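Open the model in your viewer and keep the sequence panel beside it. We will go from stop to stop, selecting a few residues each time.

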Amino acid sequence: MHSFSYKNGSLHCEEVNLADIAAAVGTPVFVYSKKTILEDLEEFRRELAPLNAHIAYAVKACSNKAILHLMAQQGVGFDIVSGGELWRIINAGGDPSLCTYAGVGKTEAEIRYALQQGIYCFNCESENELRTIDRIAGELGCKAPVAVRVNPNVDAHTHKYITTGTNENKFGVDISRIESLYATIAAEMPNLCIKGLQMHIGSQLTEVKPFVMAIEKVAPIAAKFKELYGIEFWSIGGGIGIVYDGCLASGKPEWWAAHPEQITIRSYAQAIIPLLKPLGLRILVEPGRRLVGNACAMLTTCLYEKKGEAKTFKMIDAGMNDIIRPALYEGYHEIWPVTEHSGDEITADIVGPICESGDFQAQNRRIADVKPGEVLAELSAGAYGFSMASTYNSRPLAAEVLVDGTQWCVIRRRQTLEQMVEDELLPGEQA
Ligand code: LLP
């Protein structure tokens, strides 16, 4: 449950009035709740306690240094997908030996760096990649810990761009080929040490069934690999969905009582524990969105309004460069005025300043009739929000803030125009 709610007519994050943050830092700004993140982490640990389970936070969801530092302090591990993410973990005080390194396109330089830093394991996606890691480990005189991502061919029933576990996707190795690939590793790749097995079927899953189906399908293989190769872990990936539509109300227990169909950490854990426990393996879980998604609101200011023949538009100072989810995945984010309204709802499109028709945060949305100058909060913005931001249309990156009780601090300064162009050169300038 998150910590965003109206208090005395003003939207708060924990005990801090969001209007104060907007006034002090400007907009757009991403505001994270430390309490929400810590509580959700605690819930994962509590619910998964019957298993020898470990959290590997999927860094791509939100990779701000302060958030990674917070996770590292809690002793969680990390699911990374680039040398850059590994560098960030180390820079934030995290432990490389708690990192699993996934991704279909690891470069040789990244593989070398990860081996030198002593990561826990590479989660590999092809035989080619395994052979490359084997060669580099040989050159460095070490043994590389590896797991392979198995693609169980289970439909996750989520948006097509974030479905990963069917054989139409570029991810993993087909379940029909995984056993022969492990045999090839054991026989032909002397610088690799088979340490585990990995899978991930997709993101923003709103039901537990696909998780259960994938685990049931792959469990016999995990058991066999434990027998044959002595694997120590099985990473079952991330993907647990969060509340987008209904987000504000879901800050209260009553909402959860009225929505028993909503996936929870508990329903997820209770469904998978009986399937995993008998294996006696270390289980890694790689949540990204579920740990940070509902823990953040992006504040934005209404700039203008325009009433057309067909629609009413509210123009805001945040664009698809700040949050691309609505444009890219038809993502739905609730938007609320920071100062509470009552009884003046209209239907409007909430659109950004970018020169693209896809630059909207909401379409045909029932929303308070906010006026220019008012601050709005776009909820569920913590996962794949800032981490997917760009400077498209030459818009500097937004600021980020972390709230802790009655206190708050800036965890990313707003980018300046100078910073935005500082690496650009005229021909002839020293590269
Ligand atoms: N593990 C692996 C191997 C992954 O590829 C991902 C996400 C995760 C874990 C974490 O999944 P999560 O628990 O966050 O669902 N940008 C998209 C989501 C892309 C997810 C990519 N992989 C969005 O905004 O919906």
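The tour below starts with some strands and ends with some backbone angles.

**Before you start.** This is a predicted model, in which local features need pLDDT of at least 70 and side-chain atom pairs count only at pLDDT 80 or more, while totals for chains, interfaces and linings use all residues. Residues are numbered from 1 along each chain as its sequence is written, and side-chain values use heavy atoms, with hydrogens and water left out.

**Stop 1: strand β5.** Select residues 53-58, which form β5. Helices (H or I, at least four residues) and strands (E, at least two) are DSSP runs, numbered from the N terminus. Now add residues 282-285, strand β13. β5 and β13 pair in the parallel sense over three bridges; pairing requires that DSSP finds at least two bridges between two strands. Ala53 has Ile283 of β13 as its bridge partner.

Next, add strand β6, residues 77-80. β6 also pairs with β5 in the parallel sense, over three bridges. Here Tyr57 has Phe78 as its partner. Show helix α3, residues 65-73, as well: β5, α3 and β6 make a right-handed β-α-β unit. Right-handed means that, with the strands pointing away from you, the path from the first strand over the helix to the second runs clockwise.

**Stop 2: the cores.** Keep Tyr57 and add Phe122, Leu197 and Trp234. Of the 106 residues in the largest nonpolar core, these four touch the most other members. Helix α8 (residues 209-229) gives the most to this core, with eight residues. A second, separate core has 21 residues, including Phe4 and Leu248. A nonpolar core is a set of buried Ala, Val, Leu, Ile, Met, Phe, Trp, Tyr and Cys residues joined through side-chain atoms within 4.5 Å. Buried means under 20% relative accessible area, exposed over 50%, and partly exposed in between (1.4 Å probe, protein chains only).

**Stop 3: helix α5.** Select residues 108-117. Which residues of α5 are buried? They are Glu110, Ile111, Ala114 and Leu115. These four lie on the same side of α5, because they cover an arc of only 130° around the axis. The arc is that of the directions from the helix axis to the C-beta atoms. An α-helix has 3.6 residues a turn, so residues three or four places apart point the same way. Turn to the face away from the buried side: it carries exposed Ala109 and Gln116. The buried residues pack against several elements, among them α4 (83-91) and β8 (121-124). After α5 comes Gly118, with a positive phi near 70°.

**Stop 4: Thr27.** Find Thr27 in the loop between α1 (18-25) and β4 (29-33). Is Thr27 buried or exposed? Thr27 is buried, because its relative accessible area is 17%. Its side chain makes polar contacts with the side chains of Thr301 (2.6 Å) and Asp317 (2.5 Å). A polar contact is a pair of N or O atoms within 3.5 Å; within protein, one must be able to donate a hydrogen and the other to accept it, and residues adjacent in sequence count only if both atoms are side-chain atoms. Step on to Pro28: the peptide bond from Thr27 to Pro28 is cis, with omega near -5°.

**Stop 5: two positive phi values.** Select Gln204, in the loop between β11 (192-198) and α8. Gln204 is not a glycine, yet its phi is positive, about 55°. Gln204 counts as buried, at 13% relative accessibility. Finish at Asn364 in strand β18 (residues 360-368). Its phi is also positive, near 45°. Asn364 is exposed, with a relative accessible area of 52%.

Definitions and conventions:
Contact means heavy atoms within 4.5 Å.
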